Amino acid sequence: MIEPPEVVCARHYIKKNKISYPVDIFEVLSRHAQIFYKETPLQIDGACVDLKKAGRTKVVINSRMSRSRMVFTAAHELGHIIIPWHTGSYVDVKVDVADAEMAYAVEEAEANRFASEILMPSKWIDHLIDTHGSPASITKYINETCQISPQAITIKLQQCLPAGYIYARTFNGEVVWSGKTRGTVPDPPRVGTKIFTKVFSGSVEVSKFPYSSEEYIWWKFKKTTTPARPQEIDWRKTLDTILRDTIPDAEERSKLWSSINGQIASARSKATLDLDSIYTALNLKKDSIVACGGPYALVSTHPDFDLFLLQRSYSFVEEGPRKKK
């Protein structure tokens, strides 16, 4: 994967200046600019004036913000100073990207990516993943030692963790933000849904980091080893049997057939082509089918439903990838 140039710029700066971690970002920023802490309107995080002018660059940081916000703002302003193509002056205002001028929005995003890397270098995060275990433990450590917000840490972990992780930020038990790492098959809980004790039966580890009235929750999924191939993989016959055993009405059976096959095909499309990935994806999809309740729960808890999933997994592999029309 090609890294954005501003991230490469941050890594070069870390190496050149031998930055150690956790970093005192205010001390680093003071090497390049005079820092002023002022009470400004809350929609203004900070400002950077007279970039690339030695001895004249000034940075203003809104002292009304939380400490974690001030830390990220300091790293953001450092980005404006260090990124070679950022010139002039910047006032960093909380605006919707859609409402901002394109050049301004692009440069603000670049400064944010620089800030994330300078505060939490990917190599350091990789080390913490190896030594601290769960994402919640890593979040707690970085938040307490670096005073970086859990949201900024979560975004960084999403970029660094391997496939198989889902996260949600909750307020009073309700999801306000969620996502997953690249290559993860299950979908994260939707915004507005309530989080219960056990959301995904396929998860092997759940870690939580409480923060004020919020909670950051991570689920780690295992990759299932697929059982041996059944002698017959006539999944249609198996699903017919399941539906006849559980659903007496023929019209309802027909609707469920289409619905369940659609959900299974959708799960398969999110997996890679190897058998274990497909089988894992289909078993995780079973959780959401069971959660639908009613006739879906009757069908998906039938003793032969696991056989149906196994047969379907092998049939997907043997059919190979579908050609696009």
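These legends describe close-up views of two helices, H5 and H9, in a predicted model.

**View 1. The buried face of helix H5.**
Helix H5 covers residues 122-132. Its buried residues are Ser 122, Trp 124, Ile 125, Leu 128 and Ile 129. Seen down the axis of H5, these buried residues fall within an arc of 155°, so they line one face of the helix. An α-helix has 3.6 residues a turn, so residues three or four places apart point the same way.

**View 2. The other side of H5, and what follows.**
Lys 123 and Asp 130 are exposed on the other side of H5. Just after the helix comes Gly 133, with a positive phi of about 80°.

**View 3. Helix H9 from end to end.**
Helix H9 has 20 residues, 250-269. At 1.5 Å a residue, H9 should span 28 Å, and its end C-alpha atoms are 29 Å apart, which agrees. At the start of H9, a side-chain oxygen of Asp 249 lies within 3.2 Å of the backbone nitrogen of Glu 251.

**View 4. The two faces of H9.**
Buried in H9 are Arg 253, Leu 256, Ile 260, Asn 261, Gln 263, Ile 264, Ala 267 and Arg 268. Down the helix axis, the buried residues of H9 fall within an arc of 165°, so they line one face. The face turned away from this buried side carries exposed Glu 251, Lys 255 and Ser 269.

**View 5. The packing partners of H9.**
Which helices do the buried residues of H9 pack against? They pack against H8 (235-246), H10 (275-291), H11 (294-300) and H12 (305-319).

Technical notes. Residues numbered from 1 in each chain as written. Predicted model: local features only at pLDDT ≥ 70, side-chain atom pairs only at ≥ 80, totals over all residues. Heavy atoms only, no water. Buried < 20%, exposed > 50% of the residue type's maximum accessible area, 1.4 Å probe, protein only. Helix = DSSP H or I, 4+ residues; strand = E, 2+ residues; numbered from the N terminus. Arc of directions from axis to C-beta. Expected span 1.5 Å × (residues − 1). Contact = heavy atoms within 4.5 Å. Polar contact = N/O pair within 3.5 Å; in protein donor to acceptor, adjacent residues only side chain to side chain.
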